[in-house]
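Reader: I have the sequence and the model open. Can we go through strands, salt bridges and surface charge in turn?

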Amino acid sequence: MKIHRLLILLFLVLLSGCLPEFKNPLTATGEQKLDKRLAGLWMKSGDMGATGKKPDIHYNFSLSENKQYYVVSSWETRGGVRKDNGGLMHIHTSKFKDRRYMNVKPHDPTGKKKENGYLILKYKLDGDKMGFSISNIGPFREAVLKGKLKGTVPKYKQADGNMVDSKYQVKVAASQRMLQKFFSKNDKKIFAGKFLFLDRKK
């Protein structure tokens with residue numbers, strides 16, 4: 001997925017089908033203390049494009065009653081700020097030594113979409129900046145195909161009729177304990193990309 005698109009959709013990427021999807025979070029909601037430093041409004045300033053400046057994207061982290069964040073994404077328009085209702089997410093944090101992660105799950109107002117999995121991000125805070133890194137699909141796809149992690153890699157039919165494993169989708173069904181062990185051992189491979197940053201809006 002291209003970086004500029006990722007910035008616009010930040011917490012919708014779980015639905016894009018090009019990232020690893022997890023049945024379980026790294027830790028259960030409420031198992032660890034929530035990182036309350038994330039509370040508040042964060043912003044990604046829009047870059048200049050061929051047609052002018054792209055809109056600023058806002059992410060409002062609000063503490064909810066069930067020990068997690070309720071996150072709403074929005075963007076500025078000429079008439080003010082308009083909410084993107086598709087950008088509603090629930091997030092709780094996990095910490096292991098000096099590594100911090102976000103367990104991200106799409107908000108389902110109907111309560112019926114239990115099949116929706118988690119996206120796991122790595123994050124860090126530096127003053128009024130929040131950096132995040134997206135998990136690489138490669139290590140999980142390989143681990144699932146080799147039977148090292150429980151999960152599935154969908155197959156698709158090529159033009160010649162042969163069935164091949166998808167390079168862009170994997171659903172990881174491993175337990176929290178196995179996930180924690182895998183992340184601890186493979187952190188540098190999982191988060192090989194650069195951190196992308198949001199600014200705290202004052």
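**Strands and charges**

Author: β10 is mostly covered, with five of its six residues buried. Keep in mind that this is a predicted model.

Reader: Which strand pairs with β10 over six bridges?

Author: The pairing is antiparallel. One matched pair in it is Leu 121 opposite Ile 134 of β10. The strand that shares six bridges with β10 is β9.

Reader: Which residue takes a positive phi in the hairpin of β9 and β10?

Author: This hairpin has two residues between the strands. The phi in question is near 65°. The residue is Gly 127.

Reader: How many bridges join β10 to β15?

Author: These two strands run antiparallel. Met 130 has Leu 198 of β15 as its bridge partner. Lys 129 stands opposite Asp 199, also in β15. The number of bridges joining β10 to β15 is four.

Reader: Which residue of β15 is the bridge partner of Met 43?

Author: Strand β2 covers residues 40-44, and β15 covers residues 196-200. They pair in the antiparallel sense over two bridges. The partner of Met 43 in β15 is Asp 199.

Reader: How far apart in sequence are the parts that Asp 199 and Lys 129 tie together?

Author: Their side chains meet in a salt bridge, at 2.5 Å from N to O. Asp 199 lies in strand β15 and Lys 129 in strand β10, so the pair links two separate stretches of the chain. Those parts are 70 residues apart in sequence.

Reader: Is Asp 199 buried or partly exposed?

Author: Buried would need a relative accessible area under 20%. Asp 199 has 30% relative accessibility. Its salt-bridge partner, Lys 129, is at 38% and counts as partly exposed. Asp 199, too, is partly exposed.

Reader: Which residues are linked with Asp 35 in a network of salt bridges?

Author: Take the two contacts one at a time. Arg 37 bridges to Asp 35, with the closest N and O atoms 3.0 Å apart. Asp 35 also bridges to Arg 100, where the closest N and O atoms are 3.4 Å apart. The residues linked with Asp 35 are Arg 37 and Arg 100.

Reader: What separation in sequence does the pair of Asp 35 and Arg 100 span?

Author: Asp 35 sits in the loop between β1 and β2. Arg 100 belongs to strand β8, residues 99-106, so the salt bridge ties a loop to a strand. The parts are 65 residues apart in sequence.

Reader: Is Asp 35 buried or exposed?

Author: Arg 37 has a relative accessible area of 41% and is partly exposed. Arg 100 is partly exposed as well, at 21%. Asp 35 has a relative accessible area of 7%, and the cut-off for buried is under 20%. Asp 35 is therefore buried.

Reader: How many salt bridges does a search of the whole structure find?

Author: The bridges discussed above include Asp 35 with Arg 37 and Asp 199 with Lys 129. The search of the whole structure finds eight.

Reader: How many of the residues of β8 are buried?

Author: β8 pairs with strand β9, residues 119-126, in the antiparallel sense over five bridges. Within that pairing, Met 102 stands opposite Leu 121 of β9. β8 is mostly covered, and the buried count is six of its eight residues.

Reader: What is the strand order in the open sheet of three strands?

Author: The pairing in this sheet is mixed. β1 (21-22) and β11 (151-152) stand at the edges, each with a single partner strand, so one side of each has no neighbour in the sheet. The order is β1-β14-β11.

Reader: Which residue of β14 is the bridge partner of Phe 22?

Author: β1 pairs with β14, residues 171-172, over two bridges. The sense is parallel. The partner of Phe 22 is Val 172.

Reader: Which residues gather with Lys 181 in the patch of positive charge?

Author: Lys 181 is in helix α3, residues 176-190. Its relative accessible area is 56%, and exposed means over 50%, so Lys 181 is exposed. The patch lies on the surface. Gathered there with Lys 181 are Lys 148, Arg 177, Lys 185 and Lys 189.

Technical notes. Residues are numbered from 1 along each chain as its sequence is written. This is a predicted model: local features need pLDDT of at least 70, side-chain atom pairs count only at pLDDT 80 or more; totals for chains, interfaces and linings use all residues. Side-chain values use heavy atoms; hydrogens and water are left out. Two strands pair if DSSP finds at least two bridges between them. Patches are made of residues with over 30% relative accessible area and no salt bridge: like charges are joined within 9 Å, nonpolar side chains (Val, Leu, Ile, Met, Phe, Trp, Tyr) within 5 Å. Accessible areas come from the Shrake-Rupley method with a 1.4 Å probe; for residues, only the protein chains shown count as cover. A salt bridge is a side-chain nitrogen of Lys or Arg within 4 Å of a carboxyl oxygen of Asp or Glu. Lys and Arg count as positive and Asp and Glu as negative; His and the chain ends are not counted. The place of a charge is taken as NZ of Lys, CZ of Arg, CG of Asp or CD of Glu. Buried means under 20% relative accessible area, exposed over 50%, partly exposed in between (1.4 Å probe, protein chains only).
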